[in-house]
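Subject: Handover of a structure and the findings from it

Dear colleague,

Please find below the structure that I am handing over to you. I would be grateful if you could read the notes beneath it with the model open beside them.

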Amino acid sequence: MLIDSGSPGAVGTIGITLTINGERREIAVAPWTTLLDLLRERLDLTGTKKGCDHGQCGACTVLVNGTRINSCLALAVMQDGAEITTVEGLASLAAREGKNSLHPIQEAFVEHDAFQCGYCTPGQLCSSVGLMNEGHAKTRDEIREAMSGNLCRCGAYTNIVDAIEDVMQGAGR
């Protein structure tokens, strides 16, 4: 519903409700606002990176209801009612399981040195969790294929696959 003047939101904005990293938020957004811009510019969740802004690099990957998406291609209004997990919220997923630590994939990335400059790491981490949620990738080749939408300019791919494989096999838990 478009918020008219006299309402709490600005004219031409749409009120949406999102659960972001476990916190319910009611937000008025312009219809053309991407989820990426909402997260970074309005909510100060700058872990999600703006890379190409065309859905080609994966730096902006977040989880929407447990499924990985490129947030630069998703309008915020289309996510109304969704549960969004950003890299800042991955540790809270571990906390829900009674663990007071990093998410297992975050621990595995550290253990396997699965990053260099770190710019792609938030998207790689969220995509890794989404990949495991999907349950389709069973082999190293399938992991590589499923992660092919997340680019790493530094070339840490082998270590990224090692980290994902470890967590999938239970070694990172």
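The notes below begin with the chain as a whole, then turn to individual elements and residues, and end with a pocket.

**The chain as a whole**

Please bear in mind that this is a predicted model. The mean pLDDT of the chain is 91, and 88% of its residues reach 70 or more. Residues 1–7 call for caution, since pLDDT stays under 50 there. The model has 15 contacts beyond four places in sequence for that stretch. Where pLDDT is low, the predicted coordinates should not be read in detail.

The chain has 173 residues, of which 44% count as buried. It contains 6 helices and 6 strands, and their order along the sequence is β-β-β-α-β-β-β-α-α-α-α-α. Among contacts with a separation of 6 or more, 51% join residues that are 24 or more positions apart.

**Helix α1 and its surroundings**

Helix α1 spans residues 35–42, and its buried residues are Leu35, Leu36, Leu38 and Leu39. What covers them? The cover includes the strands β2 (13–20), β3, β4 (61–64), β5 (67–70) and β6 (83–85). After the helix comes Asp44, which has a positive phi near 60°.

Thr33 sits in the loop that runs between β3 (23–29) and α1. Is Thr33 buried or exposed? Its relative accessibility is 15%, so Thr33 counts as buried, the cut-off being under 20%. Beyond its neighbours within four places in sequence, Thr33 is in contact with Leu38, Ala74, Leu75 and Ala76. One of these partners, Leu38, is also among the buried residues of α1.

Ile20 belongs to strand β2, one of the strands that cover the buried residues of α1. With a relative accessible area of 4%, Ile20 is buried. Setting aside neighbours within four places in sequence, its contacts are Arg25, Ile27, Leu39, Leu43, Leu45 and Ile84. In this list, Leu39 is a buried residue of α1. Ile20 and Leu45 are 25 residues apart along the chain, and their C-alpha atoms are separated by 9.9 Å.

**Helix α3**

Helix α3 covers residues 104–111, and Pro104 lies within it. Which residues of α3 are buried? They are Pro104, Ile105, Gln106, Ala108 and Phe109. For Pro104, the relative accessibility is 6%, and it therefore counts as buried. From C-alpha to C-alpha, Pro104 and Ala163 are 9.4 Å apart, although 59 residues apart in sequence. Just after α3, Asp113 adopts a positive phi of about 50°.

**The second largest pocket**

The second largest pocket has a volume of about 150 Å³. Its lining is formed by Gly51, Cys57, Ala59, Cys117, Tyr119, Cys120, Leu151, Cys152, Arg153 and Cys154. By class, this lining has 8 nonpolar, 1 polar and 1 charged residues.

Where does the second largest pocket lie with respect to domain 1 and domain 2? Domain 1 (14–87) and domain 2 (90–172) both contribute lining residues, so the pocket lies between them. Gly51, for instance, falls in the residue range of domain 1, and Cys117 in that of domain 2.

Yours sincerely

Methods
Residues numbered from 1 in each chain as written. Predicted model: local features only at pLDDT ≥ 70, side-chain atom pairs only at ≥ 80, totals over all residues. Heavy atoms only, no water. 1 Å grid on protein atoms, 1.4 Å probe; cavity = no way out; pocket = protein on both sides within 12 Å on 5 of 7 lines; lining within 4 Å. Points joined across faces, edges and corners; volume = space filled by probe spheres on them. Nonpolar A, V, L, I, M, F, W, Y, C, P; charged D, E, K, R; others polar. Domains from an automatic or database assignment. pLDDT = per-residue confidence, 0-100. Contact = heavy atoms within 4.5 Å. Helix = DSSP H or I, 4+ residues; strand = E, 2+ residues; numbered from the N terminus. Buried < 20%, exposed > 50% of the residue type's maximum accessible area, 1.4 Å probe, protein only.
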